[in-house]
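Biologist: I am new to this structure and would like a close look at a single part of it. Please pick one spot, describe its surroundings, and then link it to the rest of the chain.

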Amino acid sequence: MATRSSARQAAAAAKSSSPASSQDQSKSTSNGAAGTKRKGGSTSASPQSKKGRKGAKKEQTTIEETMPIESTEEPSKDTEMKEAPHQENTGASDPAPAADEADQNPQQEAQAVANGQDSGPVDEKEANGETEKKEDTEVTKNGAEASEAATKTDAVEESTKREESTPSSILEKGIIYFFFRGRVGIDEPSDVGDIARSYIILRPLPHGAKLGDGPIGDEGHNRMLALPKKVLPISPKDRFMTFVEKTNTSMDDIKTNLSASDYMTKTAGSRHTPAAAPIGEGVYAITSTGRETHLAYILTLPAELSEVQEGVGLRQRGSFVTSAKNPETSAPAGASLPKGAEYPKEILDEFRGRGWMPLTPKLLDYENTQFLIIGHKEDALEKATVPQTDDVKQDKEEPKEEMEKLEHEDEMRVEHLKGDDTVFEDLGLSSKEYPKLQTTW
């Protein structure tokens, strides 16, 4: 930027020039526009998320606290539940900031000085000081924006184009984590028999969400599912009951439930319940194929299945038929909770007096929701992602394509984070306090 002193010198050399003067324009250009920042996680939560944050929630009770205790020496976390028979058909019921002013042209300023329009002598140092001050302001501004971008920790980005292309048969999509907890006193299970209970953590994403870099932000709309059977179904004969233990909850709450604890018993003294260990992470979708709904998933971690994952029934790609239980109907002893989900009348009416109906995402927003997960023989993911007629007519992507796209984004996200420790980064857990992602017994 030319100083006023230099302008006078130019004016002295230009005395023979035309006296035409120009209006003084004090314009300065920004040292550099801030780089385009990736959009962080959406601040507009889904309707379910908003509902989850309304008012103060009543204290939540864990599944273990409601189940009968097998022994006076061991907590209810060791309690196994009998497999629930599938008694009924699971068929479906009916503007950018304004630019700074430009620097004044040196020739124009020289003309203004020659014509006596200069307001007076200006010290060169003062002019330079003003320039330095403006530059410092811009640096501070840009630095603050860079700092803000660096603190963006939510990898979730909403995309209108993605939302328009996502098929309606995907009722919900998100990030899924699998955990298991060893029996009392067993920090490192050596086989399935050493497992007390398994868990699934669901973190729903907006329908049009895509994944960028960073951990998943905590919107307080997380769900914790308990699997008393310990393993996942691998065939149509396997029909295992699952329970919603925590819903619309924060990761701090889930962290508390996954952590280790110690307690006293009258007969055995001090007992230790180990922390739950992660065994898998990936993406999931709750899909509808007309008469059925499915919980489908694709694993990102571990990159290759090992004996632990295979032992509990995890596959690289899998799905289960899902069927929700009517809390107003009876169930075999030991196959249901003492207290069922408290659904509003409009949801109860959807059962139409039947004992079961296909699971939908809204049912997972109620604690104590009970539902069956039923295995597939083969091609489980393909069966859960069959394109529906309406989506085909509207030229939507196939459900499997959307899941694969989301999993690829998750794979890149994990690669840029901490590999297997991404589970801890996402959930806000300390890898020092919890077992590493377990792949071997």
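Modeller: Let's start at K362, which is partly exposed at 32% relative accessibility. Here, buried means under 20% relative accessible area, exposed means over 50%, and partly exposed is in between, with a 1.4 Å probe and protein chains only. Before going further, please keep in mind that this is a predicted model, where local features need pLDDT of at least 70 and side-chain atom pairs count only at pLDDT 80 or more, while totals for chains, interfaces and linings use all residues. Residues are numbered from 1 along each chain as its sequence is written, and side-chain values use heavy atoms, with hydrogens and water left out.

The partner of K362 is E350: the two form a salt bridge whose closest N and O atoms are 2.6 Å apart. E350 sits in helix α9 (residues 345–351) and K362 in the loop between β12 (356–358) and β13 (370–374), so this pair ties together parts that are 12 residues apart in sequence. Like its partner's, the side of E350 can be put into a class: E350 is partly exposed, at 27% relative accessible area. Two terms need a word here. A salt bridge is a side-chain nitrogen of Lys or Arg within 4 Å of a carboxyl oxygen of Asp or Glu. Helices (H or I, at least four residues) and strands (E, at least two) are DSSP runs, numbered from the N terminus.

Helix α9 also holds L348. Leaving aside neighbours within four places in sequence, L348 is in contact with N326, P327, E328 and Y343, where contact means heavy atoms within 4.5 Å. With N326, L348 has a C-alpha separation of 7.5 Å, although their positions lie 22 residues apart along the chain. In the loop between α9 and β12 you will find R352. R352 has a positive phi, near 50 degrees, and is not a glycine; R352 is partly exposed, with a relative accessible area of 44%. Another salt bridge joins E342 and K339, with 2.9 Å between the closest N and O atoms. Both ends are partly exposed: E342 has a relative accessibility of 47% and K339 a relative accessible area of 46%.

Now to the rest of the chain. The salt bridge count comes to 15. One of them is formed by the side chains of E172 and R223, at 2.8 Å from N to O. Strand β2 (residues 170–182) carries E172 and strand β5 (residues 222–227) carries R223, so the pair ties together parts that are 51 residues apart in sequence. E172 is buried at 4% relative accessible area, and R223 is buried at 0% relative accessibility. There is also a salt-bridge network that links R162, K173, E402 and E409.

Strand β2 comes up again at the largest cavity, whose volume is about 50 Å³. A cavity is a set of points, on a 1 Å grid over the protein atoms alone, where a 1.4 Å probe fits but cannot get out, and lining residues have an atom within 4 Å of a point. Grid points are joined across faces, edges and corners, and the volume is the space filled by probe spheres set on the points. The lining includes F178, F179, Y199 and K230. The elements giving two or more residues to this lining are β2 and β3 (195–205), and β3 gives the most, with three residues.

Two backbone features lie in other loops. L301 and P302 are joined by a cis peptide bond, with omega about -5 degrees, and P302 is placed in the loop between β10 (293–301) and α8 (307–311). D395, in the loop between α11 (389–393) and α12 (399–416), has a positive phi of about 60 degrees although not a glycine. D395 is exposed, at 69% relative accessible area.

Finally, a word on confidence. pLDDT is the predictor's confidence in each residue, from 0 to 100; the chain mean is 75, and 62% of the residues reach 70 or more. Residues 1–8 stay under 50 in pLDDT, and the model gives this stretch 21 contacts beyond four places in sequence. Residues 137–152 are also below 50, with nine contacts beyond near neighbours in sequence.

Methods: 1 Å grid on protein atoms, 1.4 Å probe; cavity = no way out; pocket = protein on both sides within 12 Å on 5 of 7 lines; lining within 4 Å.
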